[in-house]
Amino acid sequence: MDFLQVDIRPMTKSDLPSVMEIERLCFKAPYTEENILYEIEQNQYSNIWVVELNYQNQTCIAGFSIYWQLFDMASILQIAIHPTLQHRQLGTALMDEIINDCFAKKIRKISLEVRENNAKAIKFYEKNGFKKTQLKPHYYSNGDNAIIMEREVEINGNNFSN
């Protein structure tokens with residue numbers, strides 16, 4: 001019997017074509033290939049992951065995330081799962097990996113910005129422990145408002161708060 005294997009690993013340059021396809025499908029204002037390449041190769045603060053599915057020696061990239069670590073804070077820039085693979089807990093697995101990685105690095109808080117009209121993403125973040133903390137009017141280039149969401153980094157009630 002063959003099993004589907006799900007791996008979350010650091011992104012490499014060879015993942016770019018798949019990541020760019022997901023980027024274009026998931027975001028109104030997608031990053032360019034140069035933006036993503038910068039995150040992989042040059043940005044020392046960037047943590048960039050892919051979700052890779054393996055089945056019968058076939059692999060595909062199902063999603064990715066980018067977050068920056070600055071001292072004891074993290075900021076999620078992007079998290080995306082290919083639209084045909086959403087609602088299969090892959091986004092939750094990726095978010096769990098981010099939270100576990102932050103916990104291991106003694107990061108205290110994770111923040112992110114999300115479009116105010118992106119109810120699906122807001123619901124996902126709330127399900128993963130994020131709370132709305134601030135509204136940024138006209139944050140995006142098209143005039144959309146952003147909601148700032150944050151969560152403390154804790155696993156099973158353990159955290160690094162004072």
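**A mixed sheet, its helices and its side-chain contacts**

Glu52 lies in strand β2, and this residue makes a convenient entry point into the predicted model. The relative accessibility of Glu52 is 14%, so the residue counts as buried. Its side chain is joined to that of Arg9 by a polar contact of 3.0 Å. Leaving aside residues up to four places away in sequence, Glu52 touches Gln5, Val6, Asp7 and Arg9, together with Thr59, Cys60 and Ile61.

From this residue the view can be widened to the sheet. The sheet is open and is formed by 7 strands, in the order β1-β2-β3-β4-β5-β7-β6, with mixed pairing. Strands β1 (5–10) and β6 (131–136) stand at the edges; each has a single partner strand, so one side of each is left without a neighbour in the sheet. On average, and with direction ignored, neighbouring strands are turned by 25° against each other.

Two of the pairings illustrate the mixed character of the sheet. Strand β2, residues 46–55, pairs with strand β3, residues 58–70, in the antiparallel sense over 10 bridges. Within this pairing, Ile48 has Ile66 of β3 as its bridge partner. Strands β4 and β5, by contrast, pair in the parallel sense, over 4 bridges. Here Ile76 finds its bridge partner in β5, namely Leu112. Strand β5 covers residues 109–115 and is mostly covered, with 5 of its 7 residues buried.

Two helices lie across the strands β2, β3 and β4. Helix α1, made up of residues 16–26, lies across β2, β3 and β4 (73–81) and runs at about 75° to β3. Helix α2, residues 33–41, lies across β2, β3 and β4 as well, and its direction is at about 100° to β2.

Attention now turns to the aromatic side chains, for which the count comes to 3 aromatic pairs. In one of them, Tyr125 and Phe130 meet edge-to-face, at 5.8 Å centre to centre and with 65° between the planes. Tyr125 counts as buried because its relative accessibility, 8%, is under 20%. Phe130 is buried too, with a relative accessible area of 2%. Another pair is formed by Tyr139 and Tyr140: the ring centres are 5.0 Å apart and the planes stand at 90°, so this pair is also edge-to-face. Tyr139 is partly exposed, at 38% relative accessibility, whereas Tyr140 is buried, with a relative accessible area of 18%. Ring pairs also link Phe124, Tyr125 and Phe130 into a cluster.

The ring of Tyr140 has a charged companion as well: Arg115 lies over its face, at 4.0 Å from the ring centre. Arg115 leads on to Asp144, since a polar contact of 3.0 Å joins the side chains of these two residues. Asp144 is placed in the loop between β6 and β7, and its relative accessible area of 17% makes it buried. Beyond residues up to four places away in sequence, Asp144 touches Lys28, Arg115, Asn117, His138 and Tyr139. One of these, Asn117, is 27 residues from Asp144 along the chain, and the C-alpha atoms of the two are separated by 7.9 Å.

His138, another of the residues that Asp144 touches, also has its place in the loop between β6 and β7. Its backbone deserves a look. Most residues other than glycine have a negative phi. His138, although not a glycine, has a positive phi of about 50°. With 61% relative accessibility, His138 counts as exposed. A second histidine has a positive phi despite not being a glycine: for His87 the value is about 70°. His87 lies in the loop between β4 and α3 (90–104). At a relative accessible area of 72%, His87 is exposed.

Taken together, the loop between β6 and β7 holds both Asp144, which is buried, and His138, which is exposed. Asp144 touches His138, and the side chain of Asp144 is joined by a polar contact to Arg115, the residue that lies over the face of Tyr140.

Key. Residues numbered from 1 in each chain as written. Predicted model: local features only at pLDDT ≥ 70, side-chain atom pairs only at ≥ 80, totals over all residues. Heavy atoms only, no water. Pairing = 2+ DSSP bridges. Axes fitted to C-alpha atoms, helices over the stretch in contact; angles between N-to-C directions. Contact = heavy atoms within 4.5 Å. Phe/Tyr/Trp six-rings, centres within 6.5 Å; stacked < 30°, edge-to-face > 60°. Buried < 20%, exposed > 50% of the residue type's maximum accessible area, 1.4 Å probe, protein only. Lys NZ or Arg CZ within 6 Å of the ring centre and 35° of its normal. Polar contact = N/O pair within 3.5 Å; in protein donor to acceptor, adjacent residues only side chain to side chain.
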